[in-house]
Amino acid sequence: MSRKRETPAVGTPATAPDRLALRADCANCFGLCCVALPFAASADFAVDKPAGRPCTNLQADFRCGIHAHLRERGFSGCTVFDCFGAGQKVSQVTFGGRDWRQAPDTAPRMFEVFPVMRALHELLWYVTEALTLPPARPVHADLRRALEDIDALTRGSAEALAGVDVAALRQEVNALLLRTSELARARVPGRKKNHRGADLIGARLKGADLRGANLRGARLIAADLTGADLRTADLIGVDFRDAELTGADLTGAVFLTQAQLNAAKGDATTRLPRTLSRPAHWPSGE
């Protein structure tokens, strides 16, 4: 029996940027992140699990049996992961609603293409955001072509998806995203900080002025960014695990994702872009 339900734009080719289709819809997914991906016993996961083996918490209806208590039960890593809507795309589009339990022969290929689809959807998220930035108009035409090309790849067969050279595609798209970042950050007056790829683990950046900064790929694990100004900073690939964002201003931050926020610490005083949500585990201040 197919579990396919009505969901925004899952099976419709993108004619315009649509972030709703790039958000995880677990009700239309066959628990792929709980099966296809491996995880090792650590501070993020309570147990070891190899790729292709269902998590012991995965129920018959593909829902998590401890979803409301993941952090308390030692599975905080699950609360951080974001598939960018790849799960429902693989489940309902690539495999037409046939799940790996009812059609076991689909399992190997389904689990193989899920990480590929996730990478493609992540690129779609970034390109879609880039198209919303007015300063990036000089590259909007190239971005639209990239959006169409990547979207077409996501609608290919499982065999075609398995053959996608993700690394090469990521490099090609990254050139456009880097140009987008430069154009967006150029609007911020004054000299901007460049911490691209920097090791800022545990850094004391309380109240730091990081407007328009280049923080691409920086490691900000457990950094203190309390009250920091990150408006229009390029945050693509930043590792925010356990970073303190209380009172920080991330409005207008470039290429920030929900997964990055979920990995960080913040509260009701943290200012976020309108497209992202305040993580449920952050204190509400009420």
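Helix α2, which spans residues 86-94 of this predicted model, is mostly covered, with eight of its nine residues buried. The buried positions are A86, G87, Q88, K89, V90, S91, Q92 and T94. These buried residues pack against three other helices, namely α3 (107-130), α4 (140-154) and α5 (158-162). After α2 comes G96, which has a positive phi near 55 degrees.

Helix α2 also takes part in the lining of the largest pocket, to which α1 (76-80), α2, α3 and α7 (258-263) each supply at least two residues. The space in the largest pocket is about 1200 Å³. Its lining consists of 44 residues, and those closest to the centre are C26, H67, C78, T79 and F81. Helix α1 provides the largest share of this lining, three residues.

The second largest pocket has a volume of about 630 Å³. Among the 27 residues that line the second largest pocket, V80, D239, R241, A259 and A263 are the closest to its centre. Helices α1, α3 and α7 each contribute at least two residues to this lining.

The table sets out the lining of each pocket by residue class.

| Pocket | Nonpolar | Polar | Charged |
|---|---|---|---|
| Largest pocket | 25 residues | 13 residues | six residues |
| Second largest pocket | ten residues | eight residues | nine residues |

Helices α1, α3 and α7 thus appear in the lining of the largest pocket and in that of the second largest pocket.

Key: Residues are numbered from 1 along each chain as its sequence is written. This is a predicted model: local features need pLDDT of at least 70, side-chain atom pairs count only at pLDDT 80 or more; totals for chains, interfaces and linings use all residues. Side-chain values use heavy atoms; hydrogens and water are left out. Buried means under 20% relative accessible area, exposed over 50%, partly exposed in between (1.4 Å probe, protein chains only). Helices (H or I, at least four residues) and strands (E, at least two) are DSSP runs, numbered from the N terminus. Contact means heavy atoms within 4.5 Å. On a 1 Å grid over the protein atoms alone, a cavity is a set of points where a 1.4 Å probe fits but cannot get out, and a pocket is an open set with protein on both sides within 12 Å along at least five of seven lines; lining residues have an atom within 4 Å of a point. Grid points are joined across faces, edges and corners, and a volume is the space filled by probe spheres set on the points. Ala, Val, Leu, Ile, Met, Phe, Trp, Tyr, Cys and Pro count as nonpolar, Asp, Glu, Lys and Arg as charged, and the others, Gly among them, as polar.
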